[in-house]
Amino acid sequence: MMRRSKRSGVWEHFRLINDEKDAQCKLCGATFKYNSSTSSLRYHLNNLHVTLAIPSPSQPTIAAVLGRRVCDQRKADGITQRICGMIERDIMPISTTEAEGFRELIQFMEPGYNIPSRATVTSNLEARYEIKKAKLKTCLSAANVALTTDCWTALTTESYITITCHYIENDWQVKSAVLLTESLSERHTADNLAAKLNQAVESWGLTGRVVACVHDNARNIVSANNPARVSWKSVCCFAHTLNLAVNDGFAAAGVNRVIGAAGRLVKHFNHSTPATKALEAKQRQMQLPAHRLIQSCKTRWNSVHAMFGRLVEQRWAVCAVLTDRSETKLSDARTLELRDDFWQLMEDIAPALEALQSATTVMSAETEVSISNTYPITFSLINTHLKMANGDSNRVAEFKSKVRTSLGERMKVESEDLTSTTPMIATMLDPRHKHLGFLRPASRISANTKLLELAMEEHVDSTSTNEATTGDDVPVQGATLQRHTSAMTLLLGENYTTSSNDDIKEEVDMFLKDASPLLDSSPTEWWKVNEGRFPRLANVARRYLCIPGTSVPSERVFSAAGLTVNRLRTRLTPDHVNMLIFLNKNRGV
């Protein structure tokens with residue numbers, strides 16, 4: 001027969017021993033027979049430990065009655081919502097509410113509050129998810145959007161796909177949201193990925209309004225965004241393309257040897273407590289910044305730039321530790337010490353890496369227009385920052401040459417179709433770059449012709465939409481009206497009430513001749529002011545300028561969420577991962 005739970009206050013000062021047949025006082029060690037009654041135990045405490053004054057449960061003291069706090073329903077609901085908000089914001093397991101430490105904390109802070117069950121918290125979170133999802137659907141109901149997507153695998157070996165969307169509101173504010181982060185159990189084939197993307201677009205009611213999807217250069221996702229499988233444009237992530245080009249440069253110039261040697265050195269200091277302490281002592285002695293060394297990551301070239309920069313900053317402190325035989329054994333020092341030419345290369349290559357790092361930073365902006373910077377930055381890197389300069393060593397010159405060639409080929413800068421690519425169209429519509437000074441004159445003429453075509457297409461589309469809307473409002477007796485309209489059209493011409501092609505060409509010409517704003521200005525702010533002057537181009541700009549230049553938005557989701565999922569392992573189900581990441585990342589919606 002199971003005993004009832006011990007609710008009496010005496011158990012704060014007694015423990016059960018001898019198979020729960022006896023109770024022992026924690027204060028003085030006295031032992032008493034125990035047979036479900038606590039009377040003798042309470043008598044002992046009230047007589048020998050008077051200051052405790054444990055009352056009978058049936059006779060609470062006046063102080064206890066007067067001091068009892070009551071948690072009214074309004075406050076209880078507020079606490080519950082904040083608990084849900086905590087789980088949402090920190091992507092915590094829903095079982096947090098069942099944790100003993102959490103319950104003790106809540107009971108101490110608000111004794112009258114009844115902690116909701118896991119099922120109740122789940123229901124609250126699901127309700128919040130549905131409300132926020134409906135709100136986001138409303139925001140997207142009339143918007144043209146762009147997507148970014150990426151796949152990632154948690155340490156639990158579960159594979160996930162994240163899809164984000166990006167759009168420009170009527171007031172020209174650039175907005176982004178996470179649509180889903182779902183488990184992807186099937187193989188990552190092009191057909192399966194395309195099916196997942198199309199399913200997401202359909203479920204969110206975005207069919208026909210997705211302009212482009214930005215993704216990395218993996219063959220499966222590139223193929224998934226082929227026109228045969230989807231209805232939108234495929235845009236490769238500029239940051240990933242640049243990463244591939246830089247890695248080509250590292251391989252060609254022999255920089256990978258330096259990266260490997262520098263990585264071993266950093267690993268030694270970051271994984272050895274004595275080495276770390278010795279480095280800290282040398283930093284203080286030499287009055288160097290108390291910075292830890294940075295390890296590079298194979299998939300992110302910019303981490304190499306960070307590793308090189310930190311090693312150069314701490315060179316003499318590092319060398320002092322390696323030459324101190326009381327801190328580093330001779331055999332280890334011989335393995336870890338970097339050659340002088342390695343140190344020199346890390347210094348010499350820094351300006352080129354700095355320019356490439358700046359390009360990555362600018363292109364990875366999420367709340368600002370970025371895709372229109374793609375080709376201006378590409379040509380600037382090729383024509384300026386990656387050109388051989390006086391004083392460049394052979395390795396640096398070889399690195400620059402290879403990156404220039406690789407980047408040019410990957411970005412297809414010599415392609416005849418360059419002016420028809422999605423990033424270049426966005427560049428034409430960015431008032432800062434519309435002059436296209438980085439292109440040859442013939443390419444600029446081709447680009448301006450393309451811009452005129454887009455404006456005319458926009459005019460036709462908007463006219464068709466207006467006619468369709470008007471047609472829905474025509475009454476049944478509209479046959480006479482139709483005959484009358486046909487007669488008026490015959491007399492005055494079809495273009496009497498509509499803008500002619502000359503008007504559209506004039507709009508494009510005015511846009512191109514208008515003074516360009518400063519580079520640091522916001523193109524969306526410019527369009528907000530000038531939308532009325534260039535209405536057709538404004539509609540086209542709203543479609544193209546919402547496209548991110550990189551797939552970094554979806555990568556940021558799994559970089560943060562992946563750490564949480566890996567930390568919690570199996571304590572979050574895939575459905576909860578999707579729900580909590582959606583709530584967490586869309587807090588501003």
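**Notebook: helix packing, one sheet, salt bridges**

I began with one helix pair and noted that helix 8 and helix 15 are roughly antiparallel to each other; on the scale I used, angles under 35 degrees count as roughly parallel, over 145 as roughly antiparallel, 65 to 115 as roughly perpendicular and the rest as oblique. Helices (H or I, at least four residues) and strands (E, at least two) are taken as DSSP runs and numbered from the N terminus.

Before going on, I wrote down that this is a predicted model, in which local features need pLDDT of at least 70 and side-chain atom pairs count only at pLDDT 80 or more, while totals for chains, interfaces and linings use all residues. Residues are numbered from 1 along each chain as its sequence is written, and side-chain values use heavy atoms, with hydrogens and water left out.

**Helix pairs**

For the first pair I looked up the geometry: the axes of helix 8 (residues 238-252) and helix 15 (residues 350-363) come within 10 Å and cross at roughly 165°, where axes are lines fitted to C-alpha atoms, for helices over the stretch in contact, and angles run from 0 to 180 degrees between N-to-C directions. The crossing of helix 8 and helix 15 is left-handed, a term that applies if the near helix is turned anticlockwise from the far one by less than a right angle, with right-handed used if it is turned clockwise. I then listed the residues that meet, namely F238, A239, L242, V246 and F250 from helix 8 and L353, L356, A359, T360 and M363 from helix 15, with contact taken as heavy atoms within 4.5 Å.

I next turned to helix 11 and helix 14, which pack at an angle of about 115° with their axes 9 Å apart, and whose crossing is also left-handed. Helix 11 contributes F308, L311 and V312 to this contact, and helix 14 contributes W343, M346 and E347.

**Salt bridges**

I counted 20 salt bridges, each defined as a side-chain nitrogen of Lys or Arg within 4 Å of a carboxyl oxygen of Asp or Glu.

Staying with helix 11 (residues 302-313), I found R310 and E313 three residues apart in it, about one turn of the helix, with their side chains joined in a salt bridge at 3.6 Å, N to O. E313 counts as partly exposed at 30% relative accessibility, since buried means under 20% relative accessible area, exposed over 50%, and partly exposed in between (1.4 Å probe, protein chains only).

The salt bridge between D340 and R315 is 3.7 Å, N to O, and this pair links distant parts of the chain, with D340 in helix 14 (residues 340-348) and R315 in helix 12 (residues 315-323), 25 residues apart. I checked both ends for exposure: D340 is exposed, with a relative accessible area of 59%, whereas R315 is buried at 15%.

In helix 21 (residues 501-513) I noted D509 and K505, four residues apart and about one turn of the helix from each other, with their closest N and O atoms 3.2 Å apart in a salt bridge. D509, at 28% relative accessibility, counts as partly exposed, and K505, at 41%, also counts as partly exposed. Going back to the bridges that share partners, I found that R315, D340 and E347 are joined into one network.

**The sheet**

I then traced an open sheet of five strands in the order 6-5-4-7-8, in which the pairing is mixed; two strands pair if DSSP finds at least two bridges between them. Strand 6 (174-183) and strand 8 (233-236) are the edge strands, each pairing on one side only, and the twist averages 25° from one strand to the next.

Strand 5 and strand 6 run antiparallel and are joined by nine bridges, with Y160 having S183 of strand 6 as its bridge partner. These two strands form a hairpin with five residues between them, and I marked W172 in the turn for its positive phi of about 70°. Strand 4 (residues 145-153) and strand 7 (residues 210-215), by contrast, pair in the parallel sense over four bridges, and A146 stands opposite A212 in strand 7. Across strand 5 (159-168) and strand 6 lies helix 25 (residues 574-585), running at about 170° to strand 6.

**Whole chain**

Last, I took the totals: the secondary structure comes to 25 helices and eight strands, and 44% of the 589 residues count as buried. Among contacts with a separation of 6 or more, 66% are between residues 24 or more positions apart.
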